[in-house]
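Please open the model in your viewer, with the sequence panel beside it, and follow the stops below in order. Each stop names what to select and then describes what is there.

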Amino acid sequence: MNTKLHAVTDANGRPISLFMTAGQVSDYTGAAALLDSLPRAQWLLGDRGYDADWFRDALQAKGVTPCIPGRKSRTDPIRYDKRRYKRRNRIEIMFGRLKDWRRVATRYDRCPTVFLSAIALAATILFWL
């Protein structure tokens with residue numbers, strides 16, 4: 001019953017790609033799954049859960065500059081644009097708007113496939129229609 005939703009959004013906070021993992025799975029799994037579906041972009045904003053050297057290298061190979069703060073357990077601090085990172089609130093606003101749908105917020109559906117379908121339907125109606 002515990003899941004994590006990983007999303008790629010555009011600059012306006014509208015979801016482009018969605019991927020769901022089990023709650024106990026690392027965020028790296030979601031990052032690896034969504035890496036191929038990334039659109040052309042200059043920057044990628046992500047939270048500390050996506051801080052990995054391989055992910056940063058993969059983003060730079062695609063021509064995307066990562067704006068991801070380093071984990072607290074890192075020995076060498078990671079430099080990132082703090083001013084640009086503040087725009088990540090658009091992603092949190094997108095998740096909040098998805099949870100306005102009671103079916104998504106309370107997770108009526110036990111099947112992960114049906115739950116992801118409900119999220120995709122809500123995202124389509126809220127952001128794209």
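Where is Asp-109 found? Select Asp-109, and you will see it in the loop between α5 (102–105) and α6 (112–128), where helices (H or I, at least four residues) and strands (E, at least two) are DSSP runs numbered from the N terminus. Before going further, note that this is a predicted model, in which local features need pLDDT of at least 70 and side-chain atom pairs count only at pLDDT 80 or more, while totals for chains, interfaces and linings use all residues. Residues are numbered from 1 along each chain as its sequence is written, and side-chain values use heavy atoms, with hydrogens and water left out.

**Around Asp-109**

Asp-109 counts as buried, at 9% relative accessibility; here buried means under 20% relative accessible area, exposed over 50%, and partly exposed in between (1.4 Å probe, protein chains only). Add Arg-103 to the selection, since its side chain makes a polar contact with that of Asp-109 at 2.8 Å. Such a contact is a pair of N or O atoms within 3.5 Å; within protein, one must be able to donate a hydrogen and the other to accept it, and residues adjacent in sequence count only if both atoms are side-chain atoms. Leaving out residues up to four places away in sequence, Asp-109 touches Arg-103, Val-114, Phe-115 and Ala-118, contact being defined as heavy atoms within 4.5 Å.

**The whole chain**

Now zoom out and colour by secondary structure. The protein chain has 6 helices and 4 strands, which follow one another along the sequence as β-β-α-β-α-β-α-α-α-α. Its C-alpha atoms fill a box of roughly 45 × 30 × 25 Å along the principal axes. The radius of gyration of the chain is 15 Å, which agrees with the value near 14 Å for a compact globule of 129 residues; this radius is taken over C-alpha atoms, and the globule rule is 2.2 Å times the number of residues to the power 0.38. Of the 129 residues, 36% count as buried. Among contacts between residues at least 6 apart in sequence, 38% join residues at least 24 apart.

**The salt bridges**

Next, display the charged side chains. The structure holds 8 salt bridges, each being a side-chain nitrogen of Lys or Arg within 4 Å of a carboxyl oxygen of Asp or Glu. Select Asp-27 and Lys-4, whose closest N and O atoms are 3.2 Å apart in one such bridge. Asp-27 lies in helix α1 (residues 27–34) and Lys-4 in strand β1 (residues 3–9), so the pair ties together parts that are 23 residues apart in sequence. Asp-27 is buried, with a relative accessible area of 16%, whereas Lys-4 is partly exposed, at 26%.

Move on to Arg-74, which meets Asp-51 in a salt bridge of 2.7 Å, N to O. This pair links distant parts of the chain, with Arg-74 in the loop between β4 and α3 and Asp-51 in the loop between β3 (43–45) and α2 (53–61), 23 residues apart. Arg-74 counts as partly exposed at 26% relative accessibility, while Asp-51 is buried at 3%. Arg-74 also forms a salt bridge with Asp-53, the closest N and O atoms being 2.8 Å apart. Add Arg-56 to the selection, and you have Asp-51, Asp-53, Arg-56 and Arg-74, which salt bridges with shared partners join into one network.

**The nonpolar cores**

Which residues make up the largest nonpolar core? Select Val-8, Ala-31, Leu-34, Leu-35, Leu-38, Leu-44, Tyr-50, Ala-52, Phe-55, Leu-59, Val-64 and Ile-68, 12 residues in all; a nonpolar core is a set of buried Ala, Val, Leu, Ile, Met, Phe, Trp, Tyr and Cys residues joined through side-chain atoms within 4.5 Å. The elements that give two or more residues to this core are α1 and α2. Apart from it lies another core of 11 residues, among them Met-20, Ile-91, Ala-122 and Ala-123.

**Last stop: Ile-68**

Finally, centre the view on Ile-68, in the loop between β4 (65–67) and α3 (82–85). Ile-68 is buried, with a relative accessible area of 0%. Beyond its neighbours within four places in sequence, Ile-68 is in contact with residues including Leu-44, Tyr-50, Asp-51, Phe-55, Arg-56 and Leu-59.
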